[in-house]
Every structure is written in C-alpha cells, then in structure tokens.
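Please read the following alongside the sequence and the coordinates. The text goes from the chain as a whole to its cores, then to one loop residue and a pocket.

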Amino acid sequence: NHAFYTALTGIGFGLARNSRWRAGRLLWPLAGLSAAILVHGLHNFGVSIASVNALGVLLSLAIAAGSVGLLLITVLLSWRAERECVRSELADEVGVLLSQDEFTYLTGRWHRPLRLPGRAARSQAERLQLCVELAFRKQRLQVLGVEREPELAGEIVTMRATLAGALQGDASG
C-alpha cells in the first residue's frame with residue numbers, strides 16, 4: 001500500500017504541474033499528500049483494531065482492494081486521455097509527418113505489434129514514439145501557454161524537423 005500512498009501524493013504533483021491557476025499549483029500537492037495521510041491512517045487504524053474487532057481487518061482489506069481498483073481506473077482513464085491527446089494533436093499531421101495508417105495505429109483501441117522485420121520495426125516504433133511525444137508537447141503548449149513553457153515551441157519545431165527527416169529517409173530508402 002505504500003506505493004499507493006506515494007501515488008496519491010504524485011497525483012497531486014501531476015495535477016499541480018498541469019494547473020493553469022497559481023492556487024492549484026500550490027494546493028494540489030497538499031491535497032494529494034493529505035489524501036495519502038488519510039488513507040494510510042485509516043489502514044493503520046484498521047490494522048491496530050484488528051485484534052479487538054474483525055471490522056478492522058475488513059477496513060484494511062477494503063483500503064487495499066480500493067487502491068487496486070483505483071489503480072486500474074487510473075490506468076484506463078490515462079490510456080483514454082492519452083489516446084484522445086494523440087488523436088486531437090496529431091490529426092493535422094496526417095499526410096505531413098505520419099500516414100493515415102500510422103495515425104490509426106496510434107489512436108486505435110489496442111495496438112498490435114509492428115509487423116516489420118527487426119531494424120525497420122525498431123525504427124518505425126521510435127518514430128511513432130516521437131509522434132506521441134510531439135502530441136503531448138503540443139497539448140502542453142496549448143494548455144499552459146508559451147509564457148509558462150517558453151521552451152516548448154522550440155522543442156516542437158525540432159521534433160517536427162526530426163520526424164520530417166525520418167519520413168524522407170524512409171521514403172528514399
């Protein structure tokens with residue numbers, strides 16, 4: 001469960017990182033830490049009364065089961081949010097930096113392994129990973145703005161140039 005408590009604190013820092021408001025950047029880490037302390041305290045309380053009352057064991061087990069459930073929900077929501085980010089941020093790159101098939105592959109529900117031999121598959125996987133990173137940076141720039149993240153615009157230009165060069169290399173090879 002300690003990993004779960006740490007994750008609650010990490011969620012607070014992640015929400016603070018993406019918050020548009022200064023108060024959010026200050027309060028989200030505190031909220032995550034407070035949630036971690038509360039859940040850890042409830043777990044410890046359940047363990048401490050377990051020898052006196054069987055409900056203590058049930059409380060601790062419920063917290064453990066809840067943490068696993070919350071982890072699964074978080075993973076599913078994260079996958080959905082990432083897929084939507086890639087879909088929205090890379091739609092204008094289809095035909096420029098990636099093909100329709102690659103776009104469909106990146107935004108599909110489940111990924112099948114690339115069906116290319118060794119080095120070609122690795123090269124394509126690296127290029128597609130760079131496309132995903134481009135999508136995330138474009139979204140971050142859109143959400144946070146150039147004033148808060150001034151280096152992002154340059155990173156996006158560099159990534160597009162790298163992807164365009166890789167695409168031309170693939171076309172000539």
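What percentage of the 173 residues of the protein chain count as buried? The share is 27%. The model is a predicted one, and what follows should be read with that in mind.

The protein chain holds six helices and zero strands. Read from the N terminus, the order of elements is therefore α-α-α-α-α-α, a helix being a DSSP run of H or I with at least four residues. Of the contacts between residues at least 6 apart in sequence, 55% join residues at least 24 apart. The chain exposes about 11300 Å², and 65% of this area comes from carbon and sulfur atoms.

Next come the nonpolar cores. The largest nonpolar core has 16 residues, and those touching the most other members are Val 86, Leu 90, Leu 106, Cys 131, Leu 134 and Leu 163. At least two residues of this core come from each of α3, α4 (100-107), α5 and α6 (151-172). The biggest contribution is that of α5, with six residues.

Leu 90 shows how such a core residue is surrounded. With neighbours within four places in sequence set aside, the contacts listed for Leu 90 include Leu 98, Phe 103 and Leu 106, and also Cys 131, Leu 134 and Ala 135. Cys 85 is another of its contacts. A second core, separate from this one, has six residues, among them Phe 4, Tyr 5, Leu 8 and Val 39.

Is Ser 19 buried or exposed? This residue sits in the loop between α1 and α2 (22-49). Ser 19 counts as buried because its relative accessible area is 6%, and the cut-off for buried is under 20%. Apart from neighbours within four places in sequence, Ser 19 is in contact with Gly 24, Arg 25 and Trp 28, as well as with Leu 144 and Arg 148.

The last feature is the largest pocket, with a volume of about 580 Å³. Its lining consists of 17 residues, and Gly 14, Asn 18, Ala 81, Glu 82 and Gln 139 are the ones nearest the centre. Which helices supply at least two residues each to this lining? They are α1 (2-17), α3 (54-90) and α5 (118-144). Sorted by class, the lining has seven nonpolar residues, five polar ones and five charged ones. Two of these helices, α3 and α5, also each supply at least two residues of the largest nonpolar core.

Conventions:
Residues are numbered from 1 along each chain as its sequence is written. This is a predicted model: local features need pLDDT of at least 70, side-chain atom pairs count only at pLDDT 80 or more; totals for chains, interfaces and linings use all residues. Side-chain values use heavy atoms; hydrogens and water are left out. On a 1 Å grid over the protein atoms alone, a cavity is a set of points where a 1.4 Å probe fits but cannot get out, and a pocket is an open set with protein on both sides within 12 Å along at least five of seven lines; lining residues have an atom within 4 Å of a point. Grid points are joined across faces, edges and corners, and a volume is the space filled by probe spheres set on the points. Ala, Val, Leu, Ile, Met, Phe, Trp, Tyr, Cys and Pro count as nonpolar, Asp, Glu, Lys and Arg as charged, and the others, Gly among them, as polar. A nonpolar core is a set of buried Ala, Val, Leu, Ile, Met, Phe, Trp, Tyr and Cys residues joined through side-chain atoms within 4.5 Å. Buried means under 20% relative accessible area, exposed over 50%, partly exposed in between (1.4 Å probe, protein chains only). Contact means heavy atoms within 4.5 Å. Accessible areas come from the Shrake-Rupley method with a 1.4 Å probe; for residues, only the protein chains shown count as cover.
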